[in-house]
Amino acid sequence: MAQATIGISADQVTASTDTPAFRLGTVGGYDDPTNGYQEFVYGSANGAITGAGYGVVEQTGFDFAMASTTTTAPGSSGYGTRFGAAQAALADNEFGWFQIYGKGSIRTLASAAKGTGLNSTATAGALDDDGTTGAEAISGIVLLTATGGSAATNADAVFSYPTVSTTLA
């Protein structure tokens, strides 16, 4: 099934609103002068989302919650669920855009390495490459820079329609 993509502006991508400005599930494309073509899905926050770059998982009907080993687990969201990155801080039930394609940034824990497999963590909104047993792998996202031992931070990444994958053993 093909999707229709609308053109959106940089101001729209980073805006948060308390009433929907677009139909939930709308996919918007933006040609960023630095990062190139990017795509975002429009949805609502299911719980507060701390800020731009924080990893989120779609729960039901375009409601997005910060990703953690709890929200990505089977029975909660689980395998095949859409994953993205918030583009702004959102209060519970606010509306905004979540990146699903192109170059952007994602929140990672300390020492996540460039080009490695990423997984959910107990820290809501942050990914890591530590392969913790019980965490879920996140497919379709790759770090372009390592976080280099610093505390949790946003790292450059490429999104290719990421999803929650298998539970790590």
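In this predicted model, 45% of the 169 residues of the protein chain count as buried, where buried means under 20% relative accessible area. The surface that the chain exposes amounts to about 7,400 Å², and carbon and sulfur atoms supply 52% of that area.

The overall dimensions may be considered next. Along its principal axes, the C-alpha trace spans about 40 × 35 × 30 Å. The radius of gyration of the chain is 15 Å, which agrees with the value near 15 Å for a compact globule because that is what the rule gives for 169 residues.

The secondary structure consists of one helix and eleven strands. Followed along the sequence, these elements appear in the pattern β-α-β-β-β-β-β-β-β-β-β-β. Contacts also link parts of the chain that are separated in sequence: among contacts with a separation of 6 or more, 58% are accounted for by residues 24 or more positions apart.

The reader may now turn to the largest pocket, which holds about 180 Å³ of space. Its lining comprises 15 residues, and those closest to the centre of the pocket are Val13, Asn35, Gln38, Phe40 and Gln87. Two or more lining residues come from each of helix 1 (10–13), strand 2 (27–32), strand 3 (36–45) and strand 7 (95–108). Strand 7 gives the most, with four residues.

What classes of residue form the lining of the largest pocket? Five are nonpolar, eight are polar and two are charged.

Technical notes: Residues numbered from 1 in each chain as written. Predicted model: local features only at pLDDT ≥ 70, side-chain atom pairs only at ≥ 80, totals over all residues. Heavy atoms only, no water. 1 Å grid on protein atoms, 1.4 Å probe; cavity = no way out; pocket = protein on both sides within 12 Å on 5 of 7 lines; lining within 4 Å. Points joined across faces, edges and corners; volume = space filled by probe spheres on them. Nonpolar A, V, L, I, M, F, W, Y, C, P; charged D, E, K, R; others polar. Rg over C-alpha atoms; globule rule 2.2 N^0.38 Å. Buried < 20%, exposed > 50% of the residue type's maximum accessible area, 1.4 Å probe, protein only. Contact = heavy atoms within 4.5 Å. Areas by Shrake-Rupley, 256 points an atom, 1.4 Å probe, with all protein chains shown as cover.
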